[in-house]
Amino acid sequence: MRCERVLLDGTVRARSPEDTWAVIAPRLPDYGITRVARLTRLDYLGLPVWTAIRPASQTLAASQGKGATDLLAKISAVMEAIELWHAEQPMVPVLSAPACDVELPYPLAALPVRVGHEALKRMPLEWTMGSGVLSGQAVPVPLGLVQRSARPPMWQPAAFRATSNGLACGNQRDEAMLHAMYEVVERDALFTDETSGGARRMRLDPQSVDEPYCRSLVGQLLEAHFALELAVVDNAYGIPVCLAYLWSEDYPVHFAGAGCHTDPHVALSRAITEAAQSRLTCIAGTRDDLVSDEEAFDALPPQPPAAERLRSWGDLDAEYEPWRGGFADQATAVAARIEHVTGYEPVCLDLSVAGEPLAAVKVICPGTRSRIRRSVPR
């Protein structure tokens with residue numbers, strides 16, 4: 001199905017928000033979602049944040065979502081919950097064999113393994129099949145990278161670090177696949193930046209942001225007397241990866257958000273709204289995987305840098321190529337960049353259920369890395 005792009009504040013989708021909600025709302029019980037709640041007014045910022053609750057979840061019982069409107073934030077929360085539901089479903093392996101007996105187009109060490117030991121190649125593993133994003137060829141993938149559960153199988157060592165990285169849900173496959181690869185690129189860029197001690201990030205002047213929606217977000221935060229730090233993370237993919245940090249006297253914690261998208265304005269808006277979502281999520285206490293850390297309240301107010309050390313958003317915006325074509329074209333372009341950087345073709349696994357009105361995928365990108373800890377250090 002080839003869909004037109006629907007341009008919205010802070011995102012690009014294949015359907016209008018109204019059409020998307022009309023499709024998924026009747027199916028919420030199928031995914032175990034019993035409640036969708038608005039969290040926005042628990043904070044005085046007013047940026048829309050919603051949560052979707054799945055009491056029988058095998059991973060997270062509460063999923064958060066943000067967006068330019070209440071409807072977009074509600075859809076975002078529900079989509080995140082649906083992504084996790086797909087990753088929790090039982091999967092039947094197509095093959096059981098050690099990696100040394102399987103013809104792989106990538107080395108096992110290029111995957112997120114817990115221990116990079118030679119013996120792992122001889123360990124019996126269960127495999128499922130994905131397809132190369134560029135070639136369409138069948139590619140074996142360890143099942144342990146895909147399926148997530150709070151109750152892993154007994155007598156099977158957890159050889160791989162199974163995360164939600166590259167897990168995405170969308171109105172159609174190309175849309176879901178593209179957003180999955182954006183997430184992989186973002187996390188790999190942040191990993192590289194962190195290992196360099198933050199040397200790959202450039203601080204931005206919030207006052208220089210001129211795109212209407214992003215400018216409204218910046219203005220809303222500054223008017224509420226928040227300290228706002230913005231940065232862009234240089235990366236090998238040439239795709240905008242943005243960071244945002246919020247701090248306020250009433251809740252003196254540095255809340256971070258990150259965003260990646262071919263359109264730098266979308267990347268920036270995602271970073272800002274994710275930072276606001278993180279703050280509101282802690283206020284609401286609805287994420288069952290977030291720990292309470294009283295030491296966080298010892299965070300000192302950020303020191304504003306000298307103006308000459310900040311880059312203008314307009315100068316940076318001009319460095320990136322605009323989005324070209326539809327979702328399929330953009331997914332191909334991003335996959336080609338990933339293959340060029342890592343040397344390995346991204347692999348897509350279709351997690352969708354027959355007759356489902358949405359597309360759920362897991363994209364594995366051998367050679368990419370992601371950070372283990374949740375916080376994004378300043």
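1. Charge distribution. In this predicted model, the mean position of the 36 positive charges of the protein and that of the 47 negative charges lie 3 Å apart.

2. Overall dimensions. The protein has a radius of gyration of 20 Å, which agrees with the value near 21 Å that a compact globule of 378 residues would have. Taken along the principal axes, the box filled by the C-alpha atoms is roughly 60 × 45 × 45 Å.

3. Surface and burial. About 17600 Å² of accessible surface is found for the protein, and carbon and sulfur atoms contribute 51% of this area. Of the 378 residues, 51% count as buried.

4. Secondary structure and contact range. Seven helices and 15 strands make up the assigned elements of the protein. Among contacts with a separation of 6 or more, 66% join residues that are 24 or more positions apart.

5. The largest nonpolar core. This core holds 44 residues, of which Ile33, Val78, Leu108, Val141 and Phe160 touch the most other members. Two or more residues come from each of the helices H1 (17-24) and H2 (70-88), and likewise from the strands S4 (49-53), S7 (124-132), S8 (138-142), S9 (167-170), S14 (347-350) and S15 (359-364). Helix H2 gives the most to the core, namely ten residues.

6. Surroundings of Phe160. When neighbours within four places in sequence are left aside, the contacts of Phe160 include Leu108, itself listed with Phe160 among the core residues that touch the most other members. Phe160 is also in contact with Leu111, Pro112, Val113, Arg114 and Leu125, as well as with Pro142, Gly144 and Leu145.

7. A further core. Apart from the largest core lies another one of 36 residues, and its members include Val185, Ala256, Ala335 and Val363.

8. Trp323, a buried loop residue. Trp323 is located in the loop between helix H6 (313-317) and helix H7 (327-342). Its relative accessibility is 13%, so Trp323 counts as buried, the cut-off being under 20%.

9. Contacts of Trp323. Beyond neighbours within four places in sequence, Trp323 is in contact with Arg5, Val12, Leu178, Tyr182, His261, Thr262 and Gln330. For one of these partners, Thr262, the C-alpha atom is separated from that of Trp323 by 6.1 Å, although the two residues are 61 residues apart along the chain.

Notes:
Residues numbered from 1 in each chain as written. Predicted model: local features only at pLDDT ≥ 70, side-chain atom pairs only at ≥ 80, totals over all residues. Heavy atoms only, no water. Helix = DSSP H or I, 4+ residues; strand = E, 2+ residues; numbered from the N terminus. Buried < 20%, exposed > 50% of the residue type's maximum accessible area, 1.4 Å probe, protein only. Contact = heavy atoms within 4.5 Å. Rg over C-alpha atoms; globule rule 2.2 N^0.38 Å. Areas by Shrake-Rupley, 256 points an atom, 1.4 Å probe, with all protein chains shown as cover. Lys, Arg positive; Asp, Glu negative; His and termini not counted. Charge placed at Lys NZ, Arg CZ, Asp CG, Glu CD. Core = buried A, V, L, I, M, F, W, Y, C linked by side-chain atoms within 4.5 Å.
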